[in-house]
Amino acid sequence: MKEDCIFCKLANGVLETNTLYEDEEFRVIFDASPANQGHVLVIPKEHAANIFELSEDMTAKAFLLAKKVAAVLKEVTGCDGINILQNNGEAAGQTVFHLHIHVIPRYQKEKEKMIQWKPGELNQQLVEKITAEAKELF
């Protein structure tokens with residue numbers, strides 16, 4: 001646990017939360033400033049600032065837990081869809097630098113709350129560069 005990290009404190013029970021689920025490695029809490037009712041955060045108890053710092057095993061466990069949480073939220077809320085998202089770095093919208101996964105129920109009647117982006121154009125040269133270099137990394 002990192003002493004100056006608020007999410008370490010939330011995940012490890014130092015600060016009070018509305019907890020949906022907890023085990024030895026994770027705590028799932030209701031977001032204090034939800035994008036929608038039922039919005040929860042899957043937070044590893046182990047500190048990692050982002051996905052690049054989290055082990056592959058813990059990353060897999062975190063997303064499996066997010067899937068299970070999504071199924072529970074869909075069953076209980078009757079929502080029409082679910083966002084499961086995780087931001088890495090300030091440019092990607094990360095504001096708390098402790099990895100966490102948002103699980104957000106969504107409803108057809110609330111289309112204005114949908115996460116959207118303006119479609120761009122595919123850069124074929126960049127695709128080829130990434131593909132070529134990725135072969136060495138995988």
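This tour proceeds from the whole chain to its cores, its salt bridges, one buried arginine and a surface patch.

**The whole chain**

Begin with the full chain in cartoon view, bearing in mind that the model is predicted. Three helices and five strands should appear. Followed from the N terminus, the elements succeed one another in the order α-β-β-β-α-β-β-α. Along the principal axes, the C-alpha atoms occupy a box of roughly 50 × 40 × 25 Å.

Next, switch on the molecular surface. The accessible surface amounts to about 9500 Å², and carbon and sulfur atoms account for 53% of that area. Of the 138 residues in the chain, 34% are buried. A contact map adds a view of the topology: among contacts between residues at least 6 apart in sequence, 51% join residues at least 24 apart.

**The nonpolar cores**

Select Val42, Val69 and Val103 and show their side chains. These residues have the most contacts inside the largest nonpolar core, a set of 16 residues. Which elements supply at least two residues each to this core? They are strand E2 (26–30), strand E3 (40–44), helix H2 (56–77) and strand E5 (101–106). Helix H2 gives the most, with seven residues.

Keep Val42 selected and expand the selection to its surroundings. With neighbours within four places in sequence set aside, Val42 is in contact with Phe26, Arg27 and Val28. The list for Val42 continues with Ala62, Leu65 and Ala66, and it ends with His100, Ile101 and Val103.

Now select Cys8, Ala11, Ile29 and Leu41. These four are among the eight residues of a second core, separate from the one just visited.

**The salt bridges**

Turn to the charged side chains. Side chains of opposite charge can pair when their charged atoms come close. The chain contains four salt bridges.

Select Glu22 and Arg27. Their salt bridge brings the closest N and O atoms to 2.8 Å. Are the two partners buried or exposed, or something in between? Glu22 is partly exposed, because its relative accessibility is 39%. Arg27, by contrast, counts as buried, because its value is 10% and so falls under the 20% limit. Add Lys45 to the selection: Glu22, Arg27 and Lys45 are linked in a network of salt bridges.

Move next to Lys61, which takes part in two salt bridges that can be shown together. One of these joins Lys61 to Glu25, with an N to O distance of 3.1 Å. This pair connects distant parts of the chain, since Lys61 belongs to helix H2, whereas Glu25 sits in the loop between strand E1 (19–22) and E2, and the two are 36 residues apart. Lys61 has a relative accessibility of 30% and therefore counts as partly exposed. Glu25, at 29%, is likewise partly exposed.

The other partner of Lys61 is Asp57, whose salt bridge has its closest N and O atoms 3.4 Å apart. Viewed along helix H2, Asp57 and Lys61 are separated by about one helical turn, because they lie four residues apart in that helix. Asp57 is partly exposed, with a relative accessible area of 48%.

**A buried arginine**

Select Arg106, which belongs to strand E5. Arg106 counts as buried because its relative accessibility is 12%, below the 20% cut-off for that class. What does Arg106 touch beyond residues up to four places away in sequence? Its contacts are Ala35, Asn36, Cys79, Asp80, Gly81, Asn83, Lys113 and Ile115. Show the side chain of Asn83 in particular, since a polar contact of 2.5 Å joins it to the side chain of Arg106.

For a sense of distance, draw a line from the C-alpha atom of Arg106 to that of Ile130. The separation is 33 Å, for residues 24 apart along the chain.

**A surface patch**

Finish near the start of the sequence by selecting Met1, Ile6, Val14 and Leu15. Together these residues form a nonpolar patch on the surface with about 350 Å² of accessible area. Met1 is found in the segment before helix H1 (6–11). With a relative accessible area of 47%, Met1 is partly exposed.

Terms used
Residues are numbered from 1 along each chain as its sequence is written. This is a predicted model: local features need pLDDT of at least 70, side-chain atom pairs count only at pLDDT 80 or more; totals for chains, interfaces and linings use all residues. Side-chain values use heavy atoms; hydrogens and water are left out. Patches are made of residues with over 30% relative accessible area and no salt bridge: like charges are joined within 9 Å, nonpolar side chains (Val, Leu, Ile, Met, Phe, Trp, Tyr) within 5 Å. Accessible areas come from the Shrake-Rupley method with a 1.4 Å probe; for residues, only the protein chains shown count as cover. A salt bridge is a side-chain nitrogen of Lys or Arg within 4 Å of a carboxyl oxygen of Asp or Glu. Buried means under 20% relative accessible area, exposed over 50%, partly exposed in between (1.4 Å probe, protein chains only). A nonpolar core is a set of buried Ala, Val, Leu, Ile, Met, Phe, Trp, Tyr and Cys residues joined through side-chain atoms within 4.5 Å. Contact means heavy atoms within 4.5 Å. A polar contact is a pair of N or O atoms within 3.5 Å; within protein, one must be able to donate a hydrogen and the other to accept it, and residues adjacent in sequence count only if both atoms are side-chain atoms.
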